[in-house]
Amino acid sequence: MNLRTRVAIGGAVTVVAAVALVGAIEYPAIGAGLRGYTDANLIATTADSPATYAKLVTAQEVKVTRDPAKVQELSSKIPIGKGFLQLITIPPLGGLKEFTPVGQHDLAVALNQAPPYFADVPSGGVTYRVYTAGIPGHPGALIRAAAPESDPTGTLNRLKWLLILLTPAAGLLAAISGRLLAARVLSPVARLTAAAEHITATGDLSTPIAVAGRDEVARLGLAFNAMTGALDGSVGAQRRLVADASHELRTPLTSLVTNLELLAERPDDPQAPALIDDALHQAQELAVLTSDLVDLARFGEAPSRTEAVRMDLMCAELAGRRGAEVDARNEAVVVRGDPAALERAVGNLVDNALKFGTRATVSVRATGGSGSSSGSSSGSSSGSSSGSSSSSSSGSSSSSSSGSGSAAGSAIIEVTDDGPGIPAADLPYVFDRFHRSPDARALPGSGLGLAIAKQVAESHGGRIEAVPQPVGVLLRITLPAATAR
């Protein structure tokens, strides 16, 4: 059973239950109201009973007496609409056979010994609602006002049949309306389902669904489009990475296989040592490329563990190991993140600077602003590229960010060198994976160094940028600062 049918059935059941509940409450209430209206009319009919009774006695010249032996039975039945009014004087018990016998209770009412009362009396195949009361000023006389109960009963019967017919009709109408409304409301969900089935069948994530409105279903559609867009970008990036990695792996593998084949064919060749050296060099390049690919995948996600990291101490130790200079400011610069990832990012910048220049300078400082400081570190201007590109000086800069700085300030890590700088044409691509400028293709490296640094910075909520200098280039990582503990 699909969702539209369930909505229709649920609506129908709800409406039927509501109508049945209203009928169960209103039917007896209306019946009681109709009976009360009939009783009120009967009482009003007897309001002028003394005058009517006096006229009747005068017209019939009946001698009124309290002596039961000398009783004259007087009865007058006056038609009023479908009912009648009956006047009785000193009636003997069991008399007046033409309507209903007079009982002991009636005699007590006539003698003002009992209050008036209502009763349902059958007569001539008709049930009457009868009001019996004494006549004021005429002890021993009775008045009866009667009306057939068929009038309110007929109204109640019509109401009963109306409810009986209305309940299923309302349920059917609610079911049809609910199904039509559900079809309209759930049409975006149907489009989502069709889109998901299309993606499952074809793997195509590039086709968005049409979204209209601003309700919850529209928000679901927008979220679905955003999700498929992100997945499409991720899948595209994965495919490009596989294609780029395949291209980068093919060259050293081909060279390695060729050298090994030559060695296998001519093991005593005088060039064997050179071939072996070349094969070892290619194997080392493969190892570096494999390690970089692993780190690219590893550091591309949010840090799996975070802790407070003293960037000033870490950068000083790393610079000492790599032979770089340190611009010491004697201040604690703390960020929260993955120590291994942060060290790898800064290490890539230092390696890149030393590859394209004769010296590299590392500067670490904290700022209290948004983190977009423009000051450069002391030492020579740097020149690096995305793990491998060379550059020329330019007035522009290349940056990549996912947010930088915070209310607590920012940590700025800058690496400069005295290399040739970054060409303006390469500046927008220095942080792309496998990007290598033409002048850098002969140098060792995988073209992934700055791409890894970019991913580490962005996964830690920061950014990275390349700022050309008169000599070399400045590479800057900006990260949200943390409070030192």
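**Note on an internal cavity and a helix pair**

1. The largest cavity in this predicted model holds about 50 Å³ of space. Three cavities of 30 Å³ or more are counted in total.

2. The lining of the largest cavity is formed by P188, R191, I209, A210, V211, A212, V217, A218 and G221. Two elements, α5 (187-202) and α6 (216-265), each give two or more residues to this lining. Of the elements, α6 gives the most, with three residues.

3. As to chemical class, seven of the residues that line the largest cavity are nonpolar, one is polar and one is charged. Because Arg counts as charged and Gly as polar, the charged lining residue is R191 and the polar one is G221.

4. A separate topic is the packing of helix α9 (residues 339-356) with helix α10 (residues 449-459), at an angle of about 145 degrees. The axes of α9 and α10 lie 9 Å apart, and the crossing of the two helices is left-handed.

5. On the α9 side, the contact involves A341, L342, R344, A345, N348, L349 and N352. These residues meet G449, L450, I452, A453 and V456 in α10.

6. The contact of α9 with α10 comprises eight nonpolar, three polar and one charged residues. The charged residue is R344, because Arg belongs to the charged class. The polar residues are N348 and N352 in α9 and G449 in α10, because Gly and the residues outside the nonpolar and charged lists count as polar.

Key. Residues are numbered from 1 along each chain as its sequence is written. This is a predicted model: local features need pLDDT of at least 70, side-chain atom pairs count only at pLDDT 80 or more; totals for chains, interfaces and linings use all residues. Side-chain values use heavy atoms; hydrogens and water are left out. Axes are lines fitted to C-alpha atoms, for helices over the stretch in contact, and angles run from 0 to 180 degrees between N-to-C directions. Helices (H or I, at least four residues) and strands (E, at least two) are DSSP runs, numbered from the N terminus. A crossing is left-handed if the near helix is turned anticlockwise from the far one by less than a right angle, and right-handed if clockwise. Contact means heavy atoms within 4.5 Å. On a 1 Å grid over the protein atoms alone, a cavity is a set of points where a 1.4 Å probe fits but cannot get out, and a pocket is an open set with protein on both sides within 12 Å along at least five of seven lines; lining residues have an atom within 4 Å of a point. Grid points are joined across faces, edges and corners, and a volume is the space filled by probe spheres set on the points.
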